[in-house]
Amino acid sequence: MIIGKLIQTLTLLVTYPHDHPDITSNECLAQSYLGTYGTQSVFAPPQSCVSSFASTANVPTLRIHPKAQFAWVEQAALEEHLIDYPFSLRSLQGYLGALPDIHSTTYDSQPDGQQPLSGPIDEHLLYHTSTSALLALSPAHIRELSHILPPTWRIYVLPSQSFPLVPVPEPAIARVREILSSLKFNPDVAKIVSNISLAQMRNDVRFLTGEDGKSGIESRHSFSTGARVAAEWLRVRLQETGASCELQPFMSGFAPNVICRYPSTRDTNETVLISAHYDSRGSFGSARAPGGNDDGSGTTGLLAIARTIKRLGITFRSNVELVAFAGEEQGLLGSRHYAEELRKENKNLTLMVQADMIAYHEPGEPPQLGLPAIVGTPEVTQLVANISTLYSPELVVGFTLACCSDHQSFHMQGFPATQVFERAGRIADPMYHNSGDVSDRVGYDFEQLRSIAKVQVRQQARLPADAR
């Protein structure tokens, strides 16, 4: 699908289903990647490339302001009964119409006298499916839109420039296959992963949500004071376990990423990265955004891993990073920044696993582990499934369409990556992006959270002799 020609750059916007064969076989597309969003991949190839994959007939010209940003909006993969505000083109047009000064003051005045973006709202709508849309808006309007969209809609900001589509290199996949082939149950590792404290996990998540009445955190929205309080608290807690930690700014106004590193006991640049996002989103119109499950659960899992490392004196034969990202709810912004940084460094990342929403299941359902059906490295996904079978056999493992969390940023940069999620199937948490997302409620299962955290601990150990 060719969306249109951008008159300022003579560039096209093109979307393809994420698994379309043209994506890997066409060099023009491969060099002009803007990312995969849900089931669609977006490209911005130069006009000279278009003959290599499609006809140029009837390609509309789009008058996109040079300061515009592209944003992808989509309906999250929820169970049908949880969707109070289903995605529709008419609804999206209504939200766009509610943006302040959408017709006249979208951008600052230009030195050459160029007029700000104006015209019908449809000029900002570049492409849509039944559940998603691609928009062109100012950065300010994208931020405003993220505040007013229904909580069951996701928004992703596309990169300002295209970049090469980097598949995971075969040597990196071969390394994961090697780990897979040697994986077997080890009683010493089982003792390690079973040492996670359930009581401490309760305390940690209650601090992050403000349920403890002590932290003072009302919201961990990326722009909030509470998010900065949480970031500093995470830095201190993780550093207490022996890690070297830093707060990494990535965008003005956003809380920072929290990056913590445990060095290897041998001379190697191999690195395992385990992550979650600590920012949250609440109900529309409410200042409260506790984020107990999304993603206080994944963040609590990181803390559980770190506390286990300290308590048992664990060391590693590869470098280990525990990272808590901000900006996930605004489109994976914190993780995108860090993944791009690691790609520039040509980081030797053995694998990356993101934990996002790992504590909820519907009453009557067994504890579960959901693995990504769309975006991720299959070999890493299989490794996680096999580890779960060995060390958390109580989890029912399956695939989920819930997509996508911070692992996508690393997958897009050619790193082996996957995600762990709470359920095989669609999102079932009725408090998804809701101000009622606390830990003290029916369906919030600390035992499941601990079971998935056990899998994450084993991912760090990688091989039976690696943790000691």
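A residue counts as buried when its relative accessible area is under 20%, and as exposed when that area is over 50%. The exercises below apply this and related criteria to a predicted model.

**Exercise 1. Establish the overall make-up of the chain and the confidence of the model.**

Step 1. The secondary structure consists of 13 helices and 17 strands.

Step 2. Of the 468 residues in the chain, 59% count as buried.

Step 3. Contacts between residues at least 6 apart in sequence are considered next; 80% of them join residues at least 24 apart.

Step 4. The average pLDDT of the chain is 88, and 88% of the residues score at least 70. Two segments must be set aside: pLDDT stays under 50 over residues 104-119, and also over residues 462-468. For residues 104-119 the model has 29 contacts beyond four places in sequence. Where pLDDT is low, the predicted coordinates should not be read in detail.

**Exercise 2. Determine which kind of aromatic pair Phe410 forms with Phe325, and which kind with Tyr338.**

Step 1. A pair of aromatic rings is described by the distance of the centres and the angle of the planes. The search of the whole structure yields 17 aromatic pairs.

Step 2. For Phe325 and Phe410, the ring centres are 6.0 Å apart and the planes stand at 45°, so this pair is tilted. An angle under 30 degrees would have counted as stacked, and one over 60 as edge-to-face.

Step 3. Phe325 belongs to strand E13 (residues 319-325) and Phe410 to helix H12 (residues 407-411), so the pair ties together parts 85 residues apart in sequence.

Step 4. For Tyr338 and Phe410, the centres are 6.5 Å apart and the planes stand at 75°, so this pair is edge-to-face. Distant parts of the chain are again linked: Tyr338 is in helix H10 (residues 333-344), 72 residues from Phe410 in H12.

Step 5. Burial follows from the cut-off of under 20%. Tyr338 counts as buried because its relative accessibility is 1%, and Phe410 counts as buried because its value is 0%. Phe325 is buried as well.

**Exercise 3. Identify which arginine lies over the face of Phe223 and which over the face of Phe415.**

Step 1. Arg143 lies over the face of Phe223, at 4.2 Å from the ring centre.

Step 2. Over the face of Phe415 lies Arg343, 4.1 Å from the ring centre.

**Exercise 4. Describe the surroundings of Glu328 and the lining of the largest cavity.**

Step 1. Glu328 is placed in the loop between E13 and H10. Its relative accessibility is 1%, so Glu328 counts as buried.

Step 2. Leaving out residues up to four places away in sequence, Glu328 touches Arg154, His277, Asp279, Asp356, Cys404, Ser405 and Asp406.

Step 3. Five cavities of 30 Å³ or more are present in the structure, and the largest has a volume of about 130 Å³.

Step 4. The largest cavity is lined by 17 residues; Arg154, Asp356, Ala402, Cys403 and Ile427 lie nearest its centre. Arg154 and Asp356, named here, also appear among the contacts of Glu328.

**Exercise 5. Locate Gly35 and find its distance in space from Ser409.**

Step 1. Gly35 is part of strand E3 (residues 33-37). It counts as buried because its relative accessibility is 0%.

Step 2. Gly35 and Ser409 are separated by 374 residues in sequence, yet their C-alpha atoms are 8.7 Å apart.

Step 3. Residues up to four places away being excluded, Gly35 touches Gln40, Ser41, Val42 and Met412.

**Exercise 6. Find where the backbone has cis peptide bonds and positive phi values.**

Step 1. Most residues other than glycine have a negative phi, and most peptide bonds are trans.

Step 2. The peptide bond from Asp294 to Asp295 is cis, with omega near 0°. Asp295 lies in the loop between strand E12 (271-277) and helix H9 (296-312).

Step 3. Cys403 and Cys404 are likewise joined by a cis peptide bond, with omega about 5°. The loop that holds Cys404 runs between strand E16 (396-400) and H12.

Step 4. Leu332, which is not a glycine, has a positive phi of about 60°. Leu332 lies in the loop between E13 and H10, and a relative accessible area of 3% makes it buried.

Step 5. Asn346 has a positive phi near 55° and sits in the loop between H10 and strand E14 (349-355). With a relative accessible area of 58%, Asn346 is exposed.

Key
Residues are numbered from 1 along each chain as its sequence is written. This is a predicted model: local features need pLDDT of at least 70, side-chain atom pairs count only at pLDDT 80 or more; totals for chains, interfaces and linings use all residues. Side-chain values use heavy atoms; hydrogens and water are left out. Helices (H or I, at least four residues) and strands (E, at least two) are DSSP runs, numbered from the N terminus. Buried means under 20% relative accessible area, exposed over 50%, partly exposed in between (1.4 Å probe, protein chains only). A charge sits over a ring if NZ of Lys or CZ of Arg is within 6 Å of the ring centre and within 35 degrees of the ring normal. pLDDT is the predictor's confidence in each residue, from 0 to 100. Contact means heavy atoms within 4.5 Å. On a 1 Å grid over the protein atoms alone, a cavity is a set of points where a 1.4 Å probe fits but cannot get out, and a pocket is an open set with protein on both sides within 12 Å along at least five of seven lines; lining residues have an atom within 4 Å of a point. Grid points are joined across faces, edges and corners, and a volume is the space filled by probe spheres set on the points.
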